[in-house]
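Q: Got a minute to go through this model with me? Start with how the elements are named, please.

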Amino acid sequence: MSASSKNDTNETAYDVVPYQSWPFAQSHPDRLAVMAKLFGLDPTRIDRSRVLELGCAAGGNLLPLAQTYSASQFVGIDLSARELCDGQQSLDQLSLSNIELRQANILDVDASFGTFDYIIAHGVFSWIPTEVQEHVFRLCKALLRPHGVAYISFNTYPGWHMRGMIRSMLTYHTRQFSEPREQIEQARGLLKFLSHSVPTEGNPYGAYLQQELEWCEQSDDSYLYHDLLAGINEPTLFHEFVDRAESHGLQYLSECDLASMASCNFNKDIDETLQRLSQDLIQIEQYMDFLRNRTFRQTLLCHREHALDRTLNPKYCRTLHFASPLAPESSSVDLAEGVVERFAASGIAVNSSNPMIKAAHVLMSRAWPVWIPFDQLTHEAMRLASIDPTDEPQRQRRSMQLGEHLIRCFASRAVVVHSAPPTFETVLNDRPAVTDLTRYQAKTLGYVTNQKHEVVQLDAFCRCIAERLDGTRTISQLTNEIHEMISNGQLRYTDHGDDSAQSRSQLNELPLDKTSREVQWALDQIRSAFLLVASFRNSSSSSPN
C-alpha cells in the first residue's frame, strides 16, 4: 500500500503499479476487539466505532466495513492518487456517508483527524522511512482512544534474512531497467533462472532458496514490485519493534491471532525450555520467531497505562461469541461425566469427558457457522447436559471450566471467537439479498467481499445472480429474469445445477426447470460463501449504476 513520500505532488510507485486493494480479515476490528477483551481491555463496540486506516489503497479493506457497520465511521488515507480515484469511484456508486478516503501523507495526519477506537496499518510499516515509522507510533499514541487498539503489520527477522537476500538479487538485476513492467518481467526471469540453476539435492542452501523462490514466483506482480523491488523494505526483530513502540507510550497487546502466541502449540520440551529461557512475554515471542523462522507479524498495540491481564481469565468470555466447526465423531454423544467424546474437523480434534464441555461442542456443531454468545452457550449447554441451573456454585464452576476450555481451543484454532453477532444470513429466504457493495463488485470485479471480510471468487453465472440480489425480487422472479436472459443469449448455463444424466436428457423438454436448478445452485453458492444479508442492511434497494 502507498506509504509516504515528502513530495506529495510526485507520482508514486503505487500510481504506476497499483497494489491490489483487498480486504484483510486479520485486521478486522472484530479481531482486534476480541484480543483486547481477552487481555482485560474494554474496547469500543465495533458497530459504534471510529476506524483509521493508514495506507488504505483503493479502500478494499475499509469499504466492506463501512457497508456493514453503518453507525461506525471510517477514514482512510493514502498517497496514491490513482488508488484513491478508484476507491472514490466505488464510494460514489455506493452512496456511503460513513467513510472518507483522503489523499494524504502519513506525516500530515494529526489531531485534526480526531480520535479513533481502531487504527490499522497493514502492509505499510516496513516500506516507509524511519521518520515516518516513528510518526506512525506517535499517531497511535495521540489518536487512539483510551481503550483503543492499533494493528501494525511488518516484515520481521529471522525469516526475512533469506527473503531479503532474494530481494537483493532482484534489485541488483533490475536496477539497469527503468520501466516498472520491464523490472517485473526481468525479476521473474531471474527467479526462473535461479530456480532451475541452483541444485537442491544435498544442498541446504538450494533447498531453502527453492522454497522461497516458489513463494516469490506465486506472488502477483504488484506484490513482487512493491515488496521485493521497492526502494524501502526494512524488516525488524520483534523485540526492537516493541522497544520503539514503548518509547512512544505504547505497549504490546498481542498478535491478531492467539494461536501464534501459544507456546503450548510446540511440543512439551520446547514449551518448557521457552519458559525457562524467557523472563517475559516479549522474550517468549522473540524466541518463538527464532523457532519458526518468522517473516511477518500482525501486531496489536495499546496505551502503556493499562495493566493488562495476561492470565486469559475465562471471565472475559462473557462478552464474546463462540463457534466451532468440530463435529462429534460418535453418532450419539454420551454426555455422562467421565465418558470421553471426540470432536474433530480438518485435522483438529478435541477430547473431553466433561458434560458441560461436550454439550457446548454439540451445540456449536449444530449452529455452525453461526456463533453463539457465551452466556447463551452456557445456559443451553447446562440444559442439554441436565445440569441444574439453579445450583449457583455449580453453575459458576461449570461456566469457568467452559470458558477456560474455549480459550484453550481458540489458542489451537479449534474454536472461532467474535466480539459481536454475525452479519451474514445462513437461511435462504424468498427475497434473498446481498450488500450493495457485493452487487457492485459482482458487476465490476472478478471477486466479491463476504461478510467474514474474505475475498470470494464467483463465476460469471453466480456474479449475474449476485448483481440482482437487492431484496426486492422473489426467487421465482429472479428465475424468470435469468431464464429470459439465457433465452436471449445474454447469459449461458453453467450446468452446475444438473447432477444426473437423466436431468441432462430432459433439458430440452424442461428448460425453465433447468434455469431453476441453476439459480438454486448459484444461490446455494452465494449463501455458503457468507454473502447473504438481511435486506434492511443495504443502504438502498436500487441496483448500482
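A: Helices (H or I, at least four residues) and strands (E, at least two) are DSSP runs, numbered from the N terminus. Residues are numbered from 1 along each chain as its sequence is written. The model is predicted, so local features need pLDDT of at least 70, and side-chain atom pairs count only at pLDDT 80 or more.

Q: Fine. Where does aspartate 280 lie?
A: In the loop between helix 11 (268-277) and helix 12 (281-292).

Q: Is aspartate 280 buried or exposed?
A: Aspartate 280 counts as partly exposed, because its relative accessibility is 38%. Buried means under 20% relative accessible area, exposed over 50%, and partly exposed in between (1.4 Å probe, protein chains only).

Q: Switching to strand 6. How many of its residues are buried?
A: Six of the six residues in strand 6 (residues 250-255) are buried, so the strand is mostly covered.

Q: And which strand does strand 6 pair with?
A: Strand 7 (residues 296-303), in the antiparallel sense, over five bridges. Two strands pair if DSSP finds at least two bridges between them.

Q: What is the bridge partner of glutamate 255?
A: Threonine 299, in strand 7.

Q: Now the three-strand sheet. What order does it have?
A: The order is 9-10-11, with antiparallel pairing, and the sheet is open. Strand 9 (327-328) and strand 11 (348-352) are the edge strands, and each pairs on one side only.

Q: How many bridges link strand 9 and strand 10?
A: Two, and strand 10 covers residues 341-345. Alanine 327 stands opposite alanine 344 in strand 10.

Definitions and conventions: Heavy atoms only, no water.
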